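Reader: I have a chain open on my screen and would enjoy talking it through with you. Shall we start with a helix and then turn to the strands?

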Amino acid sequence: MSETRRQLARDARWAAHEGREGIARRQRDRLVDLVAYARASSPYYRELYRKLPEPVEDPALLPVTVRPTLMARFDDWVTDGEVTRSEVESFVADPGLVGHRFLGRYLVATTSGTSGVRGLFLLDERSAAMDTALRSRASGLLGVGDAIRLLARGGRTAIVTAPGGHFSTVAATARFQLDHPSLGRRMRVFSIRQPLPELVDELNRFKPAVLSGFLGMLTILAGEQEAGRLRIRPALVVPGGETLTTDAARRLGAFGAKVRAAYAATECSFLAVGCPHGWYHINSDWAVVEPVGADHRPTPPGELSHTVLLSNLANRVQPILRYDLGDSVVLRPDQCPCGSVFPAVRMQGRAADLLSFPAAHGEPVAMSPMLFGTLLDRLPGIGQFQLVQTAPSTLRVRLRSTAPTDAGPGTVTRTGTGTGTGTDQGWHTVRDEISSLLAEHNVNDITLERADEPPQREPGGKFRRVIPLTEPKWLPQEGL
Ligand SMILES: [Zn+2]
C-alpha cells in the first residue's frame, strides 16, 4: 500500500477532527497491522511473540523491548532481509553519506541517547513523511500573524546542532535538502562547535524565521539576544532534546517568539508537540506511549512514571514495539486548556542538566550536556561516557571503552561490568577534546579527573551522561 504525503497529512487532520474515538481506532488498527507485519518479517519478533494470540489489539500484551537487546539482535530485528548491521555501520562511518538513502530506501540516524548504548536506526519513507504530515496539523497552533511573519522572512529555518554526524536532525535536514534543492536553501544547519561570536554573526546574517536546536544551546543564544549581540526576530523557536523548564522558557522569551518545544526520540521523531500551556501532546494516532512503573504496570495519570514504553506505528523496517524509552513522564489527568484531543505529558528524564562553570569575569558559563554528547559520540572506541561535576571546577570522567554488544535477549546492562574503563590513548583523546570544547566556550581552569570506576546508573536504574553539581530546577507547574 503506498500512501502519499498528502494522504497522510489529510488523515492526520481528520484524526484530530474526529477526536478521541477516531484517534483510538487508528491507533488500534495500526498496532494490529504492525504487530502482524513484525511477526511475518522480523525473526526477532516472530520468536518473541510466538505465544501471543492473533491479532494483538492491546499493547499491554506485548513483552517489553530494550535497546541493548535490539541492537545485539540487529540483523534479526529488521524486517528487510537485505539490511545488515555491518553494512549500516559502514554507511554511518562515511560522513559523505549523511542524509543519503541506505540501499536507496532508508534514512539512517544514529544516537547514543540516554540509555548509553549507541543506537542505529533506519526510517522508511512513510516514517520520514510522518514528520511533515503531523507538523501540518500542529502548525494550526500558529496564528495568522505568525504565518505572515514566517512568509515575510522567506520561511528560513536555522537548525543549531552538531553537524558532521548521522544524528537524526542532521540526517533529516540533509535528506530534505537533497530532495528539495530550492526549498532546502531556506534551511541551514549551524554548528554548535564553532565559537559563539561566529555563530551569532552567522545567525544575524541568515535572519531565520524558525530557530530550532538543542534547548541548552538556544538558552545560551537567548542570552546573546538579550545582550544585544544576537539580533534576530524569529516567529517560532523550537527547542528539543531536553525538557523545557519554566526557567528555560523565560530565557527563550528574549526572542519574542512563539515557543513550541518538541518531545522526540530518534526512535520516533514525530512523537509529540509542545502546546502553549507547557504540555507535550502525543501524536497518539501513530504512536503509543505507556507511562509505567519499574514493574511495567501502568502509572496512574498525574503521577510520575518510572519510564515510558513506546510503540512507533509508522516505521516498518525496524519495528519499535513497547520499547523502554527511559524517560519519566507525568500524564495529564484532565483536559488540557489548549483544547488538544491528544494525550498530554511532561517529562522529567530529560531535564536540561545544564553544567554551570565559574567564569574568571562576569556570569557563570552554562553549557548544554548535548555539547559533550555530540562531541564524545564521534570518538572511535568510546562505548559510553559519563561526566560528573564533583566540584564547581572539577569534572570526573567515567569511560567505558566499547559498547556492550553481546547482550543476549532480555538482558539489560545495569551496572558497569564487563569491558574496561578506557585505554590511555582513549583517555588522552577524550581529555583533549573536552579541554578544547571548554576553551571554545571560554571556560578555563577546569580539572578533568580520570575515574577508575566505569559509568554508573542511578539507584532507580536510570543512566545520565552528564551529572551537574546542583540538580536542575524542574517542576514547571503553570503555563509557560
Ligand atoms: Zn495542551
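Reader: Happy to begin: which residues of α15 are buried?

Author: This is a predicted model, where local features need pLDDT of at least 70, side-chain atom pairs count only at pLDDT 80 or more, and totals for chains, interfaces and linings use all residues. Residues are numbered from 1 along each chain as its sequence is written, and side-chain values use heavy atoms, leaving out hydrogens and water. Buried means under 20% relative accessible area, exposed over 50% and partly exposed in between, with a 1.4 Å probe and protein chains only. In α15 the buried residues are Gly426, Trp427, Val430, Ile434, Leu437 and Leu438.

Reader: Within what arc do these buried residues fall, seen down the axis of α15?

Author: The arc is taken from the directions from the helix axis to the C-beta atoms. The buried residues line one face of α15, because they fall within an arc of 100°.

Reader: How far apart are the end C-alpha atoms of α15?

Author: Helices here are DSSP runs of H or I with at least four residues, and strands are E runs of at least two, numbered from the N terminus. The expected span is 1.5 Å times one less than the number of residues. For the 17 residues of α15 (residues 424–440) that gives 24 Å, which agrees with the end C-alpha atoms, 24 Å apart.

Reader: Lovely. Which residue is the bridge partner of Ala158 in β5?

Author: Strands pair if DSSP finds at least two bridges between them. Strand β3 (residues 157–161) and β5 have four, in the parallel sense. The partner of Ala158 in β5 is Leu211.
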